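User: I am new to this structure and would like a close look at a single part of it. Please keep the explanation plain.

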Amino acid sequence: MQQQKRNESMKSGRLYLTFFTLALLLSTLTTAYAGPAVTLEVKAGQHERHNTVISIPIPEPLKQQKQLTLVRMDNSQEVPVQIDATGPERELVWILQEPLPAGASRQYRLFAAKYTKETEQVTVKDDGSHLNVKVAGKPVLTYNHAVVKAPKRDEAYYDKSGYIHPLYTPSGKVITDDFNPDHAHQHGIMFSWRKIIFEGRENNGWDQKSQLGKVAHSKINSYTGGPVFGEIDTSIAHIDLTKKTGPVTMLNENWKVRVYALEKKFLFDIESIQNCATDQPVTIDKIHYGGMTIRGHADWHENHGYDYLTSEGKNKVNGNQSRPHWVEMYGPLGKETAGVAIFSAPTNFRSPQPVRLHPTMPYFCFAVASLDPFEIQPGKPYVSRYRFYVHDGKPSPETDQRMWIDFAEPPHVTVLSGP
């Protein structure tokens, strides 16, 4: 009995010290960072979180602040944060880099901060033809806003803009391809529809050789770097070339490409918003390919040394026209293996979307038109979101699945207290 009392007394003492330590830490943080502040709690939920992107609306007491500071309450470490002011409401973005076990939680204190120039861990530079994105000085991707000319000038119809290539692995290897002689109309990462009906005419934004349509960069809206992410915002036009009076734009597409500040693996999102450019609807006719597409490295085509891994455990033998949450394409680059996975958001049209996994050519796309035709109507944007994960080394289905869960079911964040 006496031993039990001593144990309870020791437990009570430890709890008192814990509460005292937290109170002292909170007092210290409040003194160090003057102005309004709130306490945030991140709950992992049922899944372990690691290198997880967190984005939340800025809490009310801090909505008007130009700069914020986030500090972990368990160790007083400052966590890089960045404000996203491009949406309907300002959001706070940071990366949960240290693992948070399933069922666990972590608390932070968010403060108003004096304005200082933030270190750009992610940089975006325009060289006049390309937007080049780097993380910690390492190249991640290039968006081509100027026309990239086809290698064969008698095939000038393959000239292309408004797409991503090259895409790099963290070790600096290029993992995409462009103008491959096998299919010169496949370009790095692109979004093109293969079979379109517009004003009663059929056109083709996918196969440029048909010269029935094209997809081209229109303008750069903005670009920025930062401590947590860099982002480019561009406009792309889907153009009908079949009208007798001349080319007409059918769809205006907006791309927001956000690259996160992770060095050992590359992570970025593409949000595509397509709107009718006229008062006429655009029909995407039924066909087994077309949509968000990636073309893999040329070496993978020559030796067929690539494969796919899907969320359903399928590959290039049995994965075509399946409906996975994610697809990874991987293969040898030099003496090592590398891969790129694409995660499709659960909010995407017809999710989980069908995929075209080519069995003898290193490309795949999310082929939503393979089920049935559909219309993009005036005033009703067609919105798609995809997350890309690029890595060196062999693919891990466990890692891919965890990262898809981070994308599809991000951790829950609660505001526990105000100023």
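Leaving aside its neighbours within four places in sequence, which residues is Phe 268 in contact with?

Analyst: This is a predicted model. Its mean pLDDT is 92, and 91% of the residues reach 70 or more. Residues 13-32 have a pLDDT below 50, and beyond near neighbours in sequence this stretch has 12 contacts in the model.

With neighbours within four places in sequence left aside, Phe 268 is in contact with Leu 141, Leu 167 and Ile 189. Its contacts also include Val 257, Arg 258, Val 259 and Tyr 260. The list is completed by Tyr 386, Arg 387, Phe 388 and Val 390.

Phe 268 belongs to the largest nonpolar core, which has 55 residues. Together with Ile 189, Trp 193 and Trp 255, Phe 268 touches the most other members of that core. Strand β17, residues 248-260, gives the most to this core, with six residues. Another core lies apart from it and has 21 residues, among them Leu 40, Val 42, Val 79 and Leu 100.

Arg 258, a contact of Phe 268, also appears in the largest pocket. Arg 258 is one of the lining residues nearest the centre of this pocket, along with Ser 55, Glu 91, Asp 269 and Arg 385. The pocket holds about 660 Å³ of space and is lined by 30 residues. These divide into 15 nonpolar, four polar and 11 charged. Strands β17, β18 (266-276) and β27 (382-392) are among the elements that each supply at least two lining residues, while β2 gives the most, with five.

Methods: Residues are numbered from 1 along each chain as its sequence is written. This is a predicted model: local features need pLDDT of at least 70, side-chain atom pairs count only at pLDDT 80 or more; totals for chains, interfaces and linings use all residues. Side-chain values use heavy atoms; hydrogens and water are left out. A nonpolar core is a set of buried Ala, Val, Leu, Ile, Met, Phe, Trp, Tyr and Cys residues joined through side-chain atoms within 4.5 Å. Buried means under 20% relative accessible area, exposed over 50%, partly exposed in between (1.4 Å probe, protein chains only). Helices (H or I, at least four residues) and strands (E, at least two) are DSSP runs, numbered from the N terminus. Contact means heavy atoms within 4.5 Å. On a 1 Å grid over the protein atoms alone, a cavity is a set of points where a 1.4 Å probe fits but cannot get out, and a pocket is an open set with protein on both sides within 12 Å along at least five of seven lines; lining residues have an atom within 4 Å of a point. Grid points are joined across faces, edges and corners, and a volume is the space filled by probe spheres set on the points. Ala, Val, Leu, Ile, Met, Phe, Trp, Tyr, Cys and Pro count as nonpolar, Asp, Glu, Lys and Arg as charged, and the others, Gly among them, as polar. pLDDT is the predictor's confidence in each residue, from 0 to 100.
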